[in-house]
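Me: I'm new to this structure, and I'd like a close look at one part. Could you take me through the place where chain B meets chain A?

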There are 2 protein chains.
Amino acid sequence: MMMQTPLTMTQMIKRAEKLYPKKGVVSRTESGIHRLTYKEIGERTRKLADQLQKLGVKRGDKVGTLAWNHHRHLEAYFAIPCSGAVLHTINFRLAPQHITYIINHAEDQVLILDSDILPLIEKIQGHLTTVKAFIIMTDKEELPETSLSPVYHYEKFISEGSADYEFPDDIDENAPAGMCYTSATTGNPKGVVYSHRGIVLHSMALGMVDNVAMSEKDIGMPVVPMFHVNAWGVPFAGVWFGTTLVLPGPYFTPKILAELIQSERVTMTAGVPTIWLGLLKELEENTYDMSSLRMVLCGGSAAPKGMIKAFEEKHNIPFVHAYGMTETSPLVVVSNLKSYQEDLSAEEKLEVKAKQGTLAAGLEMKVIGKDGEVKWDGKEMGELLIRGPWIASEYYQDERTSDAFRDGWLYTGDVVTVDEEGFMKVVDRIKDLIKSGGEWISSVDLENALMAHEGIFEAAVVAIPHEQWQERPVACVVLKDDYKGKVSKEDIYEFLKPQFAKWWLPDEVLFMEEIPKTSVGKFLKMALRDQVSQMQKS
Amino acid sequence: MMMQTPLTMTQMIKRAEKLYPKKGVVSRTESGIHRLTYKEIGERTRKLADQLQKLGVKRGDKVGTLAWNHHRHLEAYFAIPCSGAVLHTINFRLAPQHITYIINHAEDQVLILDSDILPLIEKIQGHLTTVKAFIIMTDKEELPETSLSPVYHYEKFISEGSADYEFPDDIDENAPAGMCYTSATTGNPKGVVYSHRGIVLHSMALGMVDNVAMSEKDIGMPVVPMFHVNAWGVPFAGVWFGTTLVLPGPYFTPKILAELIQSERVTMTAGVPTIWLGLLKELEENTYDMSSLRMVLCGGSAAPKGMIKAFEEKHNIPFVHAYGMTETSPLVVVSNLKSYQEDLSAEEKLEVKAKQGTLAAGLEMKVIGKDGEVKWDGKEMGELLIRGPWIASEYYQDERTSDAFRDGWLYTGDVVTVDEEGFMKVVDRIKDLIKSGGEWISSVDLENALMAHEGIFEAAVVAIPHEQWQERPVACVVLKDDYKGKVSKEDIYEFLKPQFAKWWLPDEVLFMEEIPKTSVGKFLKMALRDQVSQMQKS
């Protein structure tokens, strides 16, 4: 029979050290650009692992990170799971009480954090029940003044470790390797635990041509934060394959991203639509050489068709839509055209690329509507269910597990259609659908239509309670700077009318300066609804 | 944690049916070209699975196939393992007593065979101890006269099956899915059992960019026989990914292959060097459009540098060297250049591409020389050891397991070097190394040098016993037709001299009409040694 060698992450960093010692990472931090080879990254990773053991971190212990995308965070990405502990990446943009909850709930033993996140942790320090040590990542030689204790300077800490540290070879493939909390619409965040097996299989999936086609030849820049579903797994796959990784660091701007793409000849980059809207704006204002890009990967929420069109047709940058969630590692579907779809017209192709895509090999999906599985006709709507070896089976020690995980399937809470070719399109969150007079209106469809208007920078549609119809849509619109005062409510209605049934049209169009967003760039619809109520009252 | 969904092959055929019903297979049989969609292949596969159950085939039962590469064999490739039985592909070119041994040793319950293989099976029928039924694959409406019994006509057999047959969803990922016997240098063939997990992971590996990069966009033609390590896994990965598969059928010639590549716009094809030597000859004699090819994958034995050069430089066809064996599913290393090696000169690139390549992500290797692990310097020789989830852990019920599988590693019996960049090069079989005066001479190195000579069609070097030096090399050379009588022994010595130490030069150069080969196109060195002894005596 076949060998029972486990699918564990230790092979990833070992392969990079051995086969790609000359390649490595371009890391932007507070003080500028650092270039480290995988030989160096490997040594530093082993030193960190060695020191964490000496600090008392044991198999299965959780080590939290609160950090931007940079080389030190990448070292933690491997040192922690490859020594048998659990890499717990924490979204430092959440509310302090949620961060406290997350650290205590996961029972983090050690926190590794960027120096600019110190003040945040100092504030909640008194509420942390399990943390025994803090390690601060900084370019500066000395630590800033801090009330945290015991506290270590990352560079000094690892300098005492051994580069000959050997990763254990007896880690079970189903052992936990990482964890990440996802924000809930109500209540505390929910934790997802990633296994070694799940991460290895997901990384293989990222390397497959029909998905993201990551390879040694890539220069990959994950813009999606490393605290957000492991930056979609790009750092894991990247190190394994010997990909050059460009890590854009703290407080980046569209300008910084454009400059990095240009100077480092980035071939693939990954992030949420808000990031790409920003980049698009930058490309319209200044000139850059973007010719190295073979793929801008976009997920997290739906990319407006206008944005895809602008990237592809105006800037000649291949733009690929995908879909996933914290619970799915995250790759589920990717919108790569099928070979025979290459014969479609540009407009038809755009139509396909605006959908989230087809299911990755290795996963199963089901779409359940009112009467069981929906037809693949691009029209029937239903909730998306997913199953597979890199899909979570539960929330970590959380009663809400039973809401989302039933009969062996993950109930995503996303309402979707699937067309004849198997392309899935997210219509809405079940919770964000607008129920008007017994019918469903998709806020996402209206938003996409609005964002295709040349004068609109971004737009969100929310449901507002209505006596007669139960709920009615209201559009919130941010105009581009040079369109401000030049586009009226009536213009927008004229623009929408030919595209929708009359009863789909928003009851109101509100112009705003900005749409409130979550820490990962998604529209914060709850806050928006409050804001709209205020505006309507005033 | 993550879902425990098993890595089983049922997902492959189901994905092709559901997501790629319009795509499919181009199959050449005795009567011409057949085109079947994956919708049709799926239905026929389910019918075959249904009928095999009705015939009494149970979980874990072995079903043997003796067939060429065509659509019916592909249906068996999925119907058998996806119903829980074991697909046992049999090399019908082996000696009849070995075929008998294989069928009895595996305990095949049913044999599915091509009609042209009937006479062979009729001859050994009396010796088969476990086979309960024979299914004959043919385009003809009626079966030929046969002594086999009970015997079924494949098309009539499946026509009675149900296209609604459901593949079981409770197959364990470690359950056996396939098996294949590899010929031993002495004694009976040795069996390797492939698990569902191994085949799924190996298929993912084939889809990864840095390996074979198989995808939906490919039109893939496995020339390597489907009885030989599952045609290197190409049919499994191809169906899973929705790749168009071109199956070249029985008794193909270089001309037929060239015509199929041209007419079907084949993008990738896989086979042994002998096949590509034949194709090269055909391309030199006739004109074809080969522009669709993105990869000629070559394995099984070392490709001579001259052949790689001819494909790449003369015909502009990307030629990729790889290495594997029956025991390894087979993918182990592939010779894709690293990104920074693209800057090498054409000659240097050729040097790299003539090596077998770098290790696929997912596997581990070790090269053990006289003093432990060898240095990666391209010079130190040692035996290649491999480990990983698609590497066999044993021979099926065979005492010889302990020779090759030790301490969790597969001892390949291949002597290799590894260069600074991690490119492995097969120097020789441990058994084929020529031991001359206490030093090693690589027969493969001499063969490659000889085959780079413009007048030489093929060449093999064997060890001949020698009183003083223990062993000495003798070269056996087949000249190209238009060089016959024009290249002398002395010409060949002059050609070799600048390339090798004096004591490496063959003691004798023998001109032959043909070099004896195994059924899979490898040089039959044992037979050759006998032939050389005869020639030297006479």
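Reply: Here is a walk along that interface, piece by piece.

A word on the ground rules: this is a predicted model, so local features need pLDDT of at least 70 and side-chain atom pairs count only at pLDDT 80 or more, while totals for chains, interfaces and linings use all residues. Residues are numbered from 1 along each chain as its sequence is written, chains are lettered from A and ligands numbered from 1 in the order in which they are written, and side-chain values use heavy atoms, with hydrogens and water left out.

Let's start with who touches whom. On chain B, 67 residues are in contact with 67 residues of chain A, where contact means heavy atoms within 4.5 Å. The size of an interface is often given as the accessible area lost when the parts come together. Here chains B and A bury about 5300 Å² between them, and 57% of that is on carbon and sulfur atoms. (Buried area is the accessible area, with a 1.4 Å probe, that two parts lose on being put together, summed over both.) Look at the start of chain B: Met1(B), Met2(B) and Met3(B) supply 18% of the area that chain B buries against chain A, more than any other three residues.

Next, the polar side of things. The two chains share four salt bridges, each a side-chain nitrogen of Lys or Arg within 4 Å of a carboxyl oxygen of Asp or Glu. You can find a salt bridge between the side chains of Glu421(B) and Lys22(A), at 2.3 Å from N to O. Across this interface there are also 30 residue pairs in polar contact, both residues being at pLDDT 80 or more. (That term means a pair of N or O atoms within 3.5 Å; within protein, one must be able to donate a hydrogen and the other to accept it, and residues adjacent in sequence count only if both atoms are side-chain atoms.)

So which elements does chain B bring along? Those giving two or more residues to the side that touches chain A include α1 (10-19), β9 (190-195), α7 (196-207) and β21 (409-418) of chain B. Helices (H or I, at least four residues) and strands (E, at least two) are DSSP runs, numbered from the N terminus. The top giver is α7(B), with six residues.

By class, the side of chain B that touches chain A has 35 nonpolar, 16 polar and 16 charged residues. Ala, Val, Leu, Ile, Met, Phe, Trp, Tyr, Cys and Pro count as nonpolar, Asp, Glu, Lys and Arg as charged, and the others, Gly among them, as polar.
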